Amino acid sequence: MIALETGQTTLFVCVTCRAQAAESAPPDQPRAGARLLTAIEALPAEQRAGVVVVGVECLSNCNRACTVAVTAPGKWTYVLGALDPDVHVQDVLTFAQLHQRHEAGLPAWRERPEYIRKNTVARVPALR
Ligand code: FES
């Protein structure tokens, strides 16, 4: 079980996602999802403030990998897909920060990174 911290947003990153195109990396190399997690964790701590980053295995969005989920207690949950670990790290973190700052976890549409707007797979309301 994963304990969610009040006031913080949790960013789940699927570490078992493969790249959308045929994975060209040798089997002993990290998968695209694992590289996405590594790239997010490599960002300066101040950029990750308020966001807890957790690696998980399979978010059931394998056909639109890479995949992450953004959630927090009492807030909406978002599943984001078709992420490239070499391109979308900052977009993912920006969205997670917007989610963390909004009381209900509903970042304003116009403030969301464009790629995230176009690649949001699902959103789920909070339990009350
Ligand atoms: S392996 Fe990443 S969503 Fe299934």
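1. Thr77 stands opposite Val124 in β5, and this pairing is a convenient place to enter the structure, which is a predicted model. Tyr78 likewise has a bridge partner in β5, namely Arg123. Both pairs belong to the contact between β4 and strand β5 (residues 120-124), where four bridges join two strands that run antiparallel.

2. Tyr78 also looks towards another strand, since Val70 stands opposite Tyr78 in β4. Here strand β3 (residues 68-71) and strand β4 (residues 77-80) are joined by three bridges, and they too run antiparallel. The hairpin that β3 and β4 form has five residues between the strands, and in this hairpin Gly74 takes a positive phi near 75 degrees.

3. Taken as a whole, the sheet is open and has five strands in the order β2-β1-β3-β4-β5, with mixed pairing. Its edge strands are β2 and β5, each of which pairs on one side only. Neighbouring strands of this sheet are turned against each other by 15 degrees on average, if direction is ignored. As a general reminder, strands of a sheet pair through backbone hydrogen bonds, either parallel or antiparallel.

4. Two helices should be considered together with this sheet. Helix α1 lies across β1 (9-14), β2 and β3, and runs at about 145 degrees to β1. Helix α2 (residues 89-101), for its part, lies across β1, β2, β3 and β4, and its direction makes an angle of about 20 degrees with β3. In reading these two values, please keep in mind that the angle for α1 refers to β1, whereas the angle for α2 refers to β3.

5. Is Leu43 buried or exposed? This residue is found in the loop between α1 (32-41) and β2 (51-56), and Leu43 counts as buried because its relative accessible area is 15%, which falls under the cut-off of 20%.

6. Which residues is Leu43 in contact with, leaving aside its neighbours within four places in sequence? They are Arg48, Val89, Gln90 and Leu93. For one of these partners the separation can be stated in two ways: Leu43 and Leu93 are 50 residues apart in sequence, while in space they are 9.4 Å apart, C-alpha to C-alpha. Given that helix α2 covers residues 89-101, the contacts with Val89, Gln90 and Leu93 link the loop that holds Leu43 to that helix.

How values were computed:
Residues are numbered from 1 along each chain as its sequence is written. This is a predicted model: local features need pLDDT of at least 70, side-chain atom pairs count only at pLDDT 80 or more; totals for chains, interfaces and linings use all residues. Side-chain values use heavy atoms; hydrogens and water are left out. Buried means under 20% relative accessible area, exposed over 50%, partly exposed in between (1.4 Å probe, protein chains only). Contact means heavy atoms within 4.5 Å. Two strands pair if DSSP finds at least two bridges between them. Axes are lines fitted to C-alpha atoms, for helices over the stretch in contact, and angles run from 0 to 180 degrees between N-to-C directions.
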